[in-house]
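Visitor: Please show me the model and its sequence. I have some questions about how the strands fit together.

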Amino acid sequence: MLYSDGELAPGDCTLAIAERLRDGGPWGQGFPEPLFDGEFEVVAARTLKERHLKLSVRRPGLDEVLDAIAFGAAGSCPEPLPGTRLRLAYRLDVNEWNGRRRLQLLVLHLEPAGA
């Protein structure tokens, strides 16, 4: 069972808040890093290294597309099609790659919306 800190408002899914949460620790046993949940629509999905599921998602009714990754999830579920709605449990994460810093949802659990 996962316990969530709830759903974030759309304006709260930002790189600045992800950085504050990362720096706000220490996180660890007995004091877990915040975990959020919400419903998202899949814009694109692909499998990385035959194990990880890389997603582009957006909240229903909004235009902003967010990057998300679910490590180790590719073998446990089929790659979702664009337009599929998923319920995600995630942490806000800072993805640093090639000198760029971007917001990324680090997905710990995903399931079809309404399940």
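Visitor: Which residue in β4 stands opposite D37?

Guide: This is a predicted model, where local features need pLDDT of at least 70, side-chain atom pairs count only at pLDDT 80 or more, and totals for chains, interfaces and linings use all residues. Residues are numbered from 1 along each chain as its sequence is written, and side-chain values use heavy atoms, with hydrogens and water left out. Strands here are DSSP E runs of at least two residues and helices are H or I runs of at least four, numbered from the N terminus. Opposite D37, in β4, stands A89.

Visitor: How many bridges join β1 to β4?

Guide: Strand β1 covers residues 36-48 and β4 covers residues 85-97. Two strands pair if DSSP finds at least two bridges between them. β1 and β4 run antiparallel, and the bridges joining them number six.

Visitor: And how many bridges join β4 to β5?

Guide: Strand β5 spans residues 100-112 and runs antiparallel to β4. R87 stands opposite E111 in this pair. The bridges between β4 and β5 number twelve.

Visitor: Which residue takes a positive phi in the hairpin of β4 and β5?

Guide: That hairpin has two residues between the strands. The residue in question is not a glycine, yet its phi is about 55 degrees. It is exposed, with a relative accessible area of 68% (exposed means over 50%, buried under 20%, partly exposed in between, with a 1.4 Å probe and protein chains only). The residue is N98.

Visitor: What is the bridge partner of L48 in β2?

Guide: Strand β2 covers residues 52-58. Seven bridges join β1 to β2, and the two run antiparallel. In β2, L48 has as its partner H52.

Visitor: Is K49 buried or exposed?

Guide: K49 sits in the loop between β1 and β2. Its phi is near 50 degrees, positive in a residue other than glycine. Relative accessibility is 75%, so K49 counts as exposed.

Visitor: In what order do the strands of the closed barrel run?

Guide: The barrel has five strands, with mixed pairing. Neighbouring strands of this sheet are turned by 45 degrees against each other on average, direction ignored. Axes are lines fitted to C-alpha atoms, for helices over the stretch in contact, and angles run from 0 to 180 degrees between N-to-C directions. The order is β1-β2-β3-β5-β4.

Visitor: Which strands does helix α1 lie across?

Guide: Helix α1 covers residues 15-23. Its angle to β4 is about 80 degrees. The strands it lies across are β1, β4 and β5.

Visitor: Leaving aside neighbours within four places in sequence, which residues is L108 in contact with?

Guide: L108 lies in β5 and counts as partly exposed, at 40% relative accessibility. Its C-alpha atom is separated by 9.9 Å from that of F36, 72 residues apart along the chain. Contact means heavy atoms within 4.5 Å. By that rule, the partners of L108 are L35, A89, Y90 and R91.

Visitor: Which residues line the largest cavity?

Guide: A cavity is a set of points on a 1 Å grid over the protein atoms alone where a 1.4 Å probe fits but cannot get out, and lining residues have an atom within 4 Å of a point. The largest cavity holds about 30 Å³ of space, a volume filled by probe spheres set on the points, which are joined across faces, edges and corners. Its lining residues are P10, C13, R59, L62, E64 and L66.

Definitions and conventions:
1 Å grid on protein atoms, 1.4 Å probe; cavity = no way out; pocket = protein on both sides within 12 Å on 5 of 7 lines; lining within 4 Å.
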